[in-house]
Amino acid sequence: LLIRENDRSGCKVGSIAVPSSIGLAPIERVGAIYEGVRFEASPGWTPNGTYPEIGPVPLPGPAYGSWSGSDANTGTLRIGPIGITERTSSIAVPLVTGPVVRDLSLVLSDKTTGEVLVRLAPPPTSQTWSVIQIEFPARPEGTELEIVASDAGAGWGQWMALGAPRHVSPR
């Protein structure tokens, strides 16, 4: 459970190692889903394809996972376009992984320029749903972003799931 400075609970997050380009999004700053976002999944990724004990994403909106009945499933999930409606430098994304993140990756890129903004290879291990805040160089209004999640690991515990990307309210 994440405990904020005011001793109130935020959201169930588990224990994860967090690279410098991401952090945990405080639940009070997690906003609405970006409109018009589509999920394009290879066959190894399915709606709500998490290990059964994990359960569905705890926020409204779609989620896709690569467990989908077996750790052996692999493939790619594309999420986008994420249309930036004001100058921004972060988005929130619900994430959960299996216990092994080797051969998994999460890439955030600027669809307009093709520039890779953040590459998490591997992503942080999070065996309970967490809402991560991905920080990137500020982008102007009108930019379209894309998230590409890849599962190239067919071994035990190698899977990941993502929910719809969300706005992050300013501090």
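# Exercises on a predicted model

At 29% relative accessibility, Leu24 counts as partly exposed in this predicted model. The exercises below take up this residue, then a sheet, the salt bridges and a pocket.

## Exercise 1. Placing Leu24

Determine in which strand Leu24 is found, and how far its C-alpha atom is separated from that of Ala92.

Solution. Begin with the secondary structure, where Leu24 belongs to strand 1, the run of residues 22–24. Next take the accessibility: a residue is buried under 20% and exposed over 50%, and because the value for Leu24 is 29%, the residue is classed as partly exposed. Finally, consider the distance in space, for the C-alpha atoms of Leu24 and Ala92 are separated by 8.5 Å, although the two residues are 68 apart along the chain.

## Exercise 2. Reading the open sheet

Work out the order of the strands in the five-stranded open sheet, and state which strands stand at its edges.

Solution. The order is 3-6-11-8-9, and the pairing is antiparallel. Strand 3 (38–41) and strand 9 (116–120) each have a single partner strand, so each of them stands at an edge with one side left without a neighbour in the sheet. From one strand to the next, the twist averages 15°.

## Exercise 3. Strand 8 and its two neighbours

Establish how many bridges join strand 8 to strand 9 and how many join strand 8 to strand 11, and decide whether the residues of strand 8 are buried or exposed.

Solution. On one side, strand 8 is joined to strand 9 by four bridges, and the two run antiparallel. Two residues of strand 8 can be followed across this pairing: Leu106 has Leu120 as its bridge partner in strand 9, while Val107 stands opposite Arg119 of strand 9. The hairpin that these two strands make has five residues between the strands, and Gly114 takes a positive phi near 85° in it.

With strand 11, strand 8 shares seven bridges, again in an antiparallel arrangement; here Leu104 stands opposite Asp151.

The side chains come next. In a regular strand, side chains alternate between the two faces of the sheet. In strand 8, Leu104, Leu106, Leu108 and Asp110 point one way, whereas Ser105, Val107 and Ser109 point the other way, and all are buried. Since seven of the seven residues of strand 8 are buried, the strand is largely enclosed by the rest of the structure.

## Exercise 4. Salt bridges within and across the chain

Find how many salt bridges the count comes to, and describe the pairs formed by Arg78, Arg139 and Arg102.

Solution. The count comes to four salt bridges. In one of them, the side chains of Arg78 and Glu146 meet at 3.1 Å, N to O. This pair links distant parts of the chain, with Arg78 in strand 6 (residues 75–83) and Glu146 in strand 11 (residues 144–151), 68 residues apart. The partners differ in their accessibility class, because Arg78 has 34% relative accessibility and counts as partly exposed, whereas Glu146 has 13% and counts as buried.

Arg139 meets Asp110 in a salt bridge of 2.9 Å, N to O. Arg139 lies in strand 10 and Asp110 in strand 8 (residues 104–110), so this pair ties together parts that are 29 residues apart in sequence. Both partners are buried, with relative accessibility of 10% for Arg139 and 3% for Asp110. Asp110, Glu115 and Arg139 are joined into one network by salt bridges that share partners.

The pair of Asp103 and Arg102 has an N to O distance of 4.0 Å. Here Asp103 is partly exposed at 43%, and Arg102 is exposed at 53%.

## Exercise 5. The lining of the largest pocket

Identify which element gives the most residues to the lining of the largest pocket, and state how the lining residues divide by chemical character.

Solution. The largest pocket holds about 250 Å³ of space. Its lining comprises 15 residues, and those nearest its centre are Glu86, Arg87, Thr88, Val168 and Pro170. Two or more lining residues come from each of strand 7 (88–97), strand 10 (130–139) and strand 13 (166–168). Of the elements, strand 7 gives the most, with three residues. By character, the lining divides into four nonpolar, seven polar and four charged residues.

Terms used:
Residues are numbered from 1 along each chain as its sequence is written. This is a predicted model: local features need pLDDT of at least 70, side-chain atom pairs count only at pLDDT 80 or more; totals for chains, interfaces and linings use all residues. Side-chain values use heavy atoms; hydrogens and water are left out. Buried means under 20% relative accessible area, exposed over 50%, partly exposed in between (1.4 Å probe, protein chains only). On a 1 Å grid over the protein atoms alone, a cavity is a set of points where a 1.4 Å probe fits but cannot get out, and a pocket is an open set with protein on both sides within 12 Å along at least five of seven lines; lining residues have an atom within 4 Å of a point. Grid points are joined across faces, edges and corners, and a volume is the space filled by probe spheres set on the points. Ala, Val, Leu, Ile, Met, Phe, Trp, Tyr, Cys and Pro count as nonpolar, Asp, Glu, Lys and Arg as charged, and the others, Gly among them, as polar. Two strands pair if DSSP finds at least two bridges between them. Axes are lines fitted to C-alpha atoms, for helices over the stretch in contact, and angles run from 0 to 180 degrees between N-to-C directions.
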